[in-house]
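Subject: Handover of a structure

Dear colleague,

Please find the structure below, handed over for your study. My findings follow it, and I would ask you to read them with the model open.

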Amino acid sequence: MEDFYITTAIPYVNARPHIGFALECVQADVIARHRRISGERVYLTTGTDENSLKNVIAAEKAGMKTKDFCAANSALFRELADRIGLSYDAFIETASDPDHRKVAETLWRACSKSGDIYMKKYSGLYCVGCELFYKESELVGGLCPEHRTKPEIVEEENYFFRLSKYGGRLLEALDKEITIIPDSRKSEITNFIKEGLEDFSISRSIKRSRGWGIPVPGDSSQTIYVWFDALGAYLSGAGLPSDMKKFNSLWPADMHVIGKGVVRFHAIYWPAMLMSAGIPLPKSIFIHGYVTVNGQKMSKSIGNVVDPVQMLEKYGMDPVRYYLTRSISTFQDGDFSEKAVKEATNSELVGNLGNFVNRTLTFISSVMGGSVDEQDLGEGKLLLDEVYKIVDEVERLMRQGQLNAAILRIMEISSLGNRYFQDNEPWKLAKEDAAAAKEVLFVCANLCRILGILIYPYMPETSNRILKYIGEEPTRLSGAKSLKKHFEIAAPNILFRKIE
RNA sequence: AGCGGGGUAGGGUAGUCUGGAGUGCCCGCCGGGCUCAUAACCCGGAGAUCGGUGGUUCAAAUCCACUCCCCGCUACCA
C-alpha cells in the first residue's frame, strides 16, 4: 500500500483561529480523504507554531505566562481541527513537543555541519519600548507604531543560513522534484530565486527573543529563529526522531498545503534547509488563496474576523465544508459571507443534493415497498454512462488538486438525477408500468450511491448517512462505477435542514 | 518602483496556453409546468460594448502593444 504524507501549515497562536485556517483544514482534509478512499495509506500532520516572539508579546497583553497562553490558544486550533473534521494523525505543538525540539536541534546541527550556518552582524531599527526590531516599512512616519518614538539603530550578532548557495539547486529541484500546485505559482518562485537569494538570519539573541523558543545548540545566548524551527514540525509530525520506522515510510512528504503568504518559506527556505541537512525534499506544495469577508480583507480593526467554530456551530460541519470548497475557488482568493453560506446550503445542498436523495429513498420506501432490484436498463443506461464519465472527470480533477471544479462536477450528478426523475415521472409509472418504475428507481438509487461515495472527501458525515440509508459498505472509490444490485431502504431522514 | 495574480450578465466562476458566432456552470430575477420530494423539482426567458485603447487576422474574451483599477509578495515579518 502506498503512503501519502500530507501536512497543513502550522498557524501561529497569537490570536484565535480564523476562517482562513478553516479553509486550509478543509482543503487538506478533502485531499487526504480522497486518497484514503483511493486505497492509499494517508498520514496527516497539523499543529501550532508557538516559538514566536509575537506570542510572548500577545501573552503579556493577555496577562498570561507565554507557555499557558500558547497552550490555551493551541487548544482552540485543535478544537477547530476537530470540529471541522480534519482527519489528522499528528498535532505538533512546537513549544511543548519534546520530539519537535530534538528535530529543530538536529536540523540545526546538520546544516551547521554542511558549513551553511555562520555568524554575522546585523543592524536594524530597534524600539526600546517594544524591545523589537522594526522594518522601515512598518514604521509610521519614521516612528514606532506602538510608542510613537524614534527607533534607534542597534547592532546584533545572529546566525545566518547560507541560502545564497542554493539558488541553482533550488531551480533544478523546482523543475524536477517539487511540484508546485497550481503551476502559475511556480514562475513567481523561480523569478524570485533568479533575482538572487540572500542569506537569512536564523537566530535571535536571548534578549530579543526574551528567552522564548528553542536555544541554539551550543550557544545558549541565541534562540533558533521561529521559521527555522516551525518548518521542522513536518519532520517531527512524521515521527522524527523517536519513531524512525514511521519516519522512513512517510518522508519525504507528498504534499504541504499552505497559504499564499508563506510560499517563500516553503518553496525556497525549506527545500534549501533540507538540502543542506541531507534530507529528501517534499514532493509537492499546494498553495491556496486567502479568504476575504464580505469582500473585505479580514482584520481586527475592521472587526470582521469570522470565527469558524461559531460558523460550524451555527451551520454544521458539512455545509461549512461544502461552502469553503464549493464557493471559494481553490487557488485564488475567495469571499466568505453568511448570506452566501445560506444560499449555497439552501439551493444546492437542500434543493439539489438533499432533495434528490430524499425523493429517491422516500419513494422506494413508501411506494416500492422498501426495496428495488436490478432491472434491464433502457434509457437509464445512457444516464449511467454519462455519470460514469463524470466520475472519471472528478477523479482527474481531484488528482490535479482542482477541488472546486471537482465538487461542482459531483453536484451535476445530482442535477442529472433530479431531471431524470422529473422527466420519467415514476409516480405515474408506478400505477401504469411497474417494471418501468423499478428501472427509474434502480438507476436513481445507484446515483445516490455514487453521490454518497464521491462526496465523502467533502462531506463525510453526509456521505456516511447516505451510504447507511442504502446499506452500502464503507466507502471505496473504486466501487463508484459498478452497480449495486439490490437495495433495502427504510424511510430516510432529510440530509440538510433549510437555513431560514 | 520591481515581481506575481486578478478584472467575463446583479453577484460568483469556467473558457484564454493550442483565436472561429459570447459558449457553459452556480446563485439571484421574471414567466410557465409538475406534485414523488425539505414551497422542492423540471422547462423557458430577460440580463454582458468579455476593464479601456490601439494593433495582427477573413475571424480576438483568447495573440501583440500600451493603459486603468483591485490584490499579494518584496527577504531577517507567520
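Arg 185 belongs to helix H6, which covers residues 184-194. Please bear in mind that the model is predicted. With a relative accessible area of 16%, Arg 185 falls under the 20% cut-off and therefore counts as buried. Its side chain makes a polar contact with the side chain of Glu 188, at 3.1 Å. An α-helix has 3.6 residues a turn, so residues three or four places apart point the same way. Apart from its neighbours within four places in sequence, Arg 185 is in contact with Ile 180, Lys 260, Ile 287 and Phe 331.

I turn next to RNA strand B. The strand is surrounded by 50 residues, and the closest are Arg 204, Trp 227, Glu 348, Asn 355 and Lys 498. Of the strand's atoms that come within 4 Å of the protein, 72% belong to sugar and phosphate. By class, the surface near RNA strand B comprises 18 charged, 17 nonpolar and 15 polar residues.

Which helices supply at least two residues each to this surface? They are H6, H8 (226-230), H11 (263-277), H14 (338-366), H16 (403-424) and H17 (426-432). H14 gives the most, with twelve residues.

Three individual approaches to the strand may be worth locating on your screen. A polar side-chain atom of Arg 264 lies 2.5 Å from a sugar or linking oxygen of RNA strand B. For Asn 358, a polar side-chain atom is 3.1 Å from a sugar or linking oxygen of the strand. At Gly 196, a polar backbone atom is 2.9 Å from a base nitrogen of RNA strand B.

Finally, I would draw your attention to H11. This helix has 15 residues and reaches 20 Å from its first C-alpha to its last, close to the 21 Å expected at 1.5 Å a residue. There is nevertheless a kink of about 30° in H11 at Tyr 269, shortly before the proline Pro 271. Is H11 largely enclosed by the rest of the structure or largely open? Of its 15 residues, 14 are buried, so H11 is largely enclosed. After the helix comes Gly 278, which has a positive phi, near 75°.

With kind regards

Methods:
Residues numbered from 1 in each chain as written. Chains lettered and ligands numbered in written order. Predicted model: local features only at pLDDT ≥ 70, side-chain atom pairs only at ≥ 80, totals over all residues. Heavy atoms only, no water. Helix = DSSP H or I, 4+ residues; strand = E, 2+ residues; numbered from the N terminus. Buried < 20%, exposed > 50% of the residue type's maximum accessible area, 1.4 Å probe, protein only. Polar contact = N/O pair within 3.5 Å; in protein donor to acceptor, adjacent residues only side chain to side chain. Contact = heavy atoms within 4.5 Å. Near = heavy atom within 4 Å. Nonpolar A, V, L, I, M, F, W, Y, C, P; charged D, E, K, R; others polar. Expected span 1.5 Å × (residues − 1). Bend = angle between axes of the 7 residues up to and from the residue.
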